[in-house]
Amino acid sequence: MGATIYSVEKIYYMILAVIGVPVKKFLLISVLNVPALNSIAIVILSRGKCRLSTCTTRYLVAMAGADLLVIISEVVLTRINYYYFPICFLEITPVCSVIAVLAHAATDCSVWFTVTFTFDRFVAICCQKLKTKYCTKKTAAVVLATTCILLCLKGIPFYLTFEPVEIIDNLPWFCNLKTSSFTDPGWVSFNWIDTILNPLLPFTLILLLNALTVRHILVSSRVRKGLRGQSKGENRNDPEMESRRKSVILLFTISGSFILLWLTTVADFLYYNIAGTSPLDYNYSLFAFQQVGYMLQNLCSCTNTFIYAVTQSKFREQFKSAVKYPVTLITKLIHYNNN
């Protein structure tokens, strides 16, 4: 039964790694070309031609960058390495310890950048007086930089939780969690704080902020319709409501995707804490549930580009141009060589 999960994960993580990339070359080259979608999203958003505010663009670029790091550190350097290249220099203890810390920090940044984006949109929609001061590119840069620095600092202690599995020719190999990280009161407290900061608190904040945003939109929509006479059957376009609708769609699809894809991981966390059990003692069904949670959690780092493409017409145009450009260039080169 465990072999079934292993086989599914092996195929799944390879698809996740090379998604959006034509797999026409051998495996290593495909893996090295991993981050195509997130890279394209970063380039397109950075150009500022999607008719989004500079503030919103900075949050989306930061989220795409964090997702890119998650794909590289967690999916490629950890999962793909484990399934396809089990014995390589990446398994040397100091190296895999650094990769684990980077993957942890990247995941934290990806999650909390989503929270900061959700809060920014909440302020923009619900707090008009605060909007002019908070929803600026300078504030966005400060918030993102501060969040990133704090989360990276928080992740450094995890480097100390690993020990080598074996020593070969005086070189430590593989990463194994120290027993003390599960029993020492200091480490137990640190792990609790870490788990609360991700995913419990972000999950709760996103749900709360979206609920407050929906409530504000419903109330303000009724008021605006009443003022514009739409409640009496008149049909008039409202530019303000149309602009707000597009912003809300982007917000809810991004935060909704996060909630759905992290729900299994949160449920697993609540289960083993409420039941007082340990993931090390899981039976096959609970183990499979836990692994599905990890798979969906990593999938969350690949969905935002699709969300931008579905919800933003200008992004779709830029994305099509970006995809067509290499094909057009190759076609011109072939045509030039033939002549």
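Buried means under 20% relative accessible area, exposed over 50%, and partly exposed in between, for a 1.4 Å probe and protein chains only. The model is predicted: local features need pLDDT of at least 70, side-chain atom pairs count only at pLDDT 80 or more, and totals for chains, interfaces and linings use all residues. Residues are numbered from 1 along each chain as its sequence is written, and side-chain values use heavy atoms, with hydrogens and water left out.

**Exercise 1. Cysteines**

Task: Find which cysteines form a disulfide, and state whether Cys300 is buried or exposed.

Solution.
1. The criterion for a disulfide is a pair of cysteine sulfur atoms within 2.5 Å. A search of the whole structure gives one disulfide.
2. Cys96 and Cys175 form this link, with 1.8 Å between their sulfur atoms. The link is right-handed, with 95° about the S-S bond.
3. The pair joins distant parts of the chain, 79 residues apart: Cys96 is in helix H5 (residues 93-126), and Cys175 is in the loop between strand S3 (171-173) and strand S4 (176-177). Helices (H or I, at least four residues) and strands (E, at least two) are DSSP runs, numbered from the N terminus.
4. Cys96 is buried at 11% relative accessible area, whereas Cys175 is partly exposed at 27%.
5. Cys300 is in no disulfide, and the nearest cysteine sulfur, that of Cys302, is 9.2 Å away. Because the closest cysteine sulfur to that of Cys302 is 9.2 Å away, in Cys300, it is too far for a bond.
6. Cys300 is buried, with 10% relative accessibility, and Cys302 is buried, with 6%.

**Exercise 2. Helix H11**

Task: Compare the expected span of helix H11 with the distance between its end C-alpha atoms, then locate its kink.

Solution.
1. The expected span of a helix is 1.5 Å times one less than its number of residues.
2. Helix H11 (residues 284-311) has 28 residues and should therefore span 40 Å. Its end C-alpha atoms are 39 Å apart, which agrees.
3. The bend at a residue is the angle between axes fitted to the seven residues ending there and the seven starting there. H11 has a kink of about 40°, centred on Ser301.
4. At the start of H11, a side-chain oxygen of Asn283 comes within 3.2 Å of the backbone nitrogen of Ser285. A polar contact is a pair of N or O atoms within 3.5 Å; within protein, one must be able to donate a hydrogen and the other to accept it, and residues adjacent in sequence count only if both atoms are side-chain atoms.

**Exercise 3. Tyrosine rings**

Task: Classify the pair formed by Tyr6 and Tyr82, and say which tyrosines share its cluster.

Solution.
1. Rings of Phe, Tyr and Trp (its six-membered ring) pair if their centres lie within 6.5 Å; planes under 30 degrees apart count as stacked, over 60 as edge-to-face and the rest as tilted. The whole structure has 15 aromatic pairs.
2. Tyr6 and Tyr82 are 6.3 Å apart, centre to centre, with 70° between the planes, and the pair is edge-to-face.
3. Tyr6 lies in helix H1 (residues 2-18) and Tyr82 in helix H4 (residues 54-84), so the pair ties together parts that are 76 residues apart in sequence.
4. The ring centres of Tyr82 and Tyr83 are 4.9 Å apart and the planes are at 70°, so this pair is edge-to-face.
5. Tyr6 is partly exposed, at 33% relative accessible area, while Tyr83 is buried, at 7%.
6. One aromatic cluster is formed by Tyr6, Tyr12, Tyr13, Tyr82 and Tyr83.

**Exercise 4. Backbone geometry**

Task: Locate the cis peptide bond, and describe phi and accessibility for Arg51 and Asn170.

Solution.
1. Most residues other than glycine have a negative phi, and most peptide bonds are trans.
2. Asn198 and Pro199 are joined by a cis peptide bond, with omega about 20°. Pro199 is in helix H9 (residues 185-228).
3. Arg51 has a positive phi, near 60°. Arg51 lies in the loop between helix H3 (36-46) and H4, and is exposed at 71% relative accessible area.
4. Asn170 has a positive phi, near 65°. Asn170 lies in the loop between S2 and S3, and is exposed at 76% relative accessibility.
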